Amino acid sequence: MKSLKNQEGFTLVELMVVVAIIGILSAVAIPNFKQYQSKTKTSEAKLQLASIYSAETALQSDFDAFATCLGFAGYSAPTAGNYYAVGFPTGEAGGNAVVDANDGNSGNCNNGGSETGGDANRSVGGATMTQANLAQLAAQVAARYTNGATGVQVEANGNFFVSGAIGVVDSANNTAALASQWAIDENKRLLELNRGF
């Protein structure tokens with residue numbers, strides 16, 4: 001009997017206090033972690049847009065015009081494991097100084113007519129981003145850039161370009177209107193058009 005009385009342990013109140021402390025710490029830490037995780041994903045957009053800028057300036061030095069044909073300058077958009085669709089909308093005509101050797105059409109990089117460097121119809125971030133369309137950046141670009149751009153585009157005379165990136169970096173913002181959106185122009189002005197997290 002004496003040995004039973006001397007046994008020590010945690011009371012229910014002590015256990016409940018520990019559980020409450022863990023719950024409070026989780027409530028603070030998890031949202032901060034998700035925000036930090038989403039912020040790190042945006043580095044992909046910055047890197048890809050910087051690569052597009054380099055490709056466009058290389059094209060401009062060779063052909064004296066910007067174009068949607070980034071493949072000629074050695075740029076190739078990632079095709080797997082990425083969060084962002086980058087480049088120009090499918091069907092963007094591009095600068096008319098660059099001609100594809102395969103089909104003779106200005107601004108096209110392959111016989112299908114779609115541009116290397118961007119696929120506006122590709123799903124990004126899984127099934128929740130089937131509407132990841134680079135054309136969605138039009139209104140934000142027109143409001144933020146002053147070079148005459150009305151969207152993610154290459155001006156017909158090759159005087160300017162605005163390339164875009166759009167993707168889901170937070171599961172709560174899984175539509176094209178709420179997704180993370182970035183753009184870069186010929187002056188290397190990189191703008192975050194929509195935070196997305």
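How many of the six residues of strand β4 (residues 180–185) are buried? Six of the six are buried, meaning under 20% relative accessible area with a 1.4 Å probe and protein chains only, so β4 is largely enclosed by the rest of the structure. This is a predicted model, in which local features need pLDDT of at least 70, side-chain atom pairs count only at pLDDT 80 or more, and totals for chains, interfaces and linings use all residues. Residues are numbered from 1 along each chain as its sequence is written, and side-chain values use heavy atoms, with hydrogens and water left out.

**Chain overview**

- The chain has three helices and five strands, taken as DSSP runs (helices H or I of at least four residues, strands E of at least two) and numbered from the N terminus.
- Along the sequence these elements come in the order α-α-β-α-β-β-β-β.
- Buried residues make up 39% of the 197 residues of the chain.
- Among contacts (heavy atoms within 4.5 Å) between residues at least 6 apart in sequence, 63% join residues at least 24 apart.
- About 10600 Å² of the chain is exposed surface, and carbon and sulfur atoms supply 55% of it; accessible areas come from the Shrake-Rupley method with a 1.4 Å probe, and for residues only the protein chains shown count as cover.

**Strand β4 and its partners**

- S180, W182 and I184 point one way from β4, while Q181, A183 and D185 point the other way, and all are buried.
- Strand β3 (residues 161–167) runs antiparallel to β4 and is joined to it by six bridges; two strands pair if DSSP finds at least two bridges between them.
- I166 has Q181 in β4 as its bridge partner.
- Strand β5 (residues 190–194) also pairs with β4 in the antiparallel sense, over four bridges.
- I184 has L190 in β5 as its bridge partner.

**The β4–β5 turn**

- β4 and β5 form a hairpin with four residues between them, and K188 in the turn has a positive phi of about 60°.
- N187 sits in the loop between β4 and β5 and is exposed (over 50% relative accessible area), with a value of 52%.
- The C-alpha atoms of N187 and F160 are separated by 8.7 Å, although the two residues are 27 apart along the chain.

**Helix α2**

- Helix α2 (residues 12–63) has 52 residues and reaches 77 Å from its first C-alpha to its last, close to the 76 Å expected at 1.5 Å a residue; the expected span is 1.5 Å times one less than the number of residues.
- Buried residues of α2 include S38, K41, T42, A45, L49, I52 and L59.
- The buried residues of α2 pack against β1 (84–87), β2 (153–154), β3, β4 and β5.
- Y53, in helix α2, counts as buried at 18% relative accessibility.
- Y53 touches F161, I184, D185, E186, N187 and K188, not counting residues up to four places away in sequence.
- The C-alpha atoms of Y53 and N187 lie 8.8 Å apart, with their positions 134 residues apart along the chain.
- D64 follows α2 and has a positive phi, near 60°.

**Nonpolar patch**

- V13, V17, I21 and L25 make a nonpolar surface patch of about 380 Å².
- V17 lies in α2 and counts as partly exposed at 45% relative accessibility, the class between buried and exposed.
- An α-helix has 3.6 residues a turn, so residues three or four places apart point the same way.
- Patches take residues with over 30% relative accessible area and no salt bridge, joining like charges within 9 Å and nonpolar side chains (Val, Leu, Ile, Met, Phe, Trp, Tyr) within 5 Å; a salt bridge is a side-chain nitrogen of Lys or Arg within 4 Å of a carboxyl oxygen of Asp or Glu.
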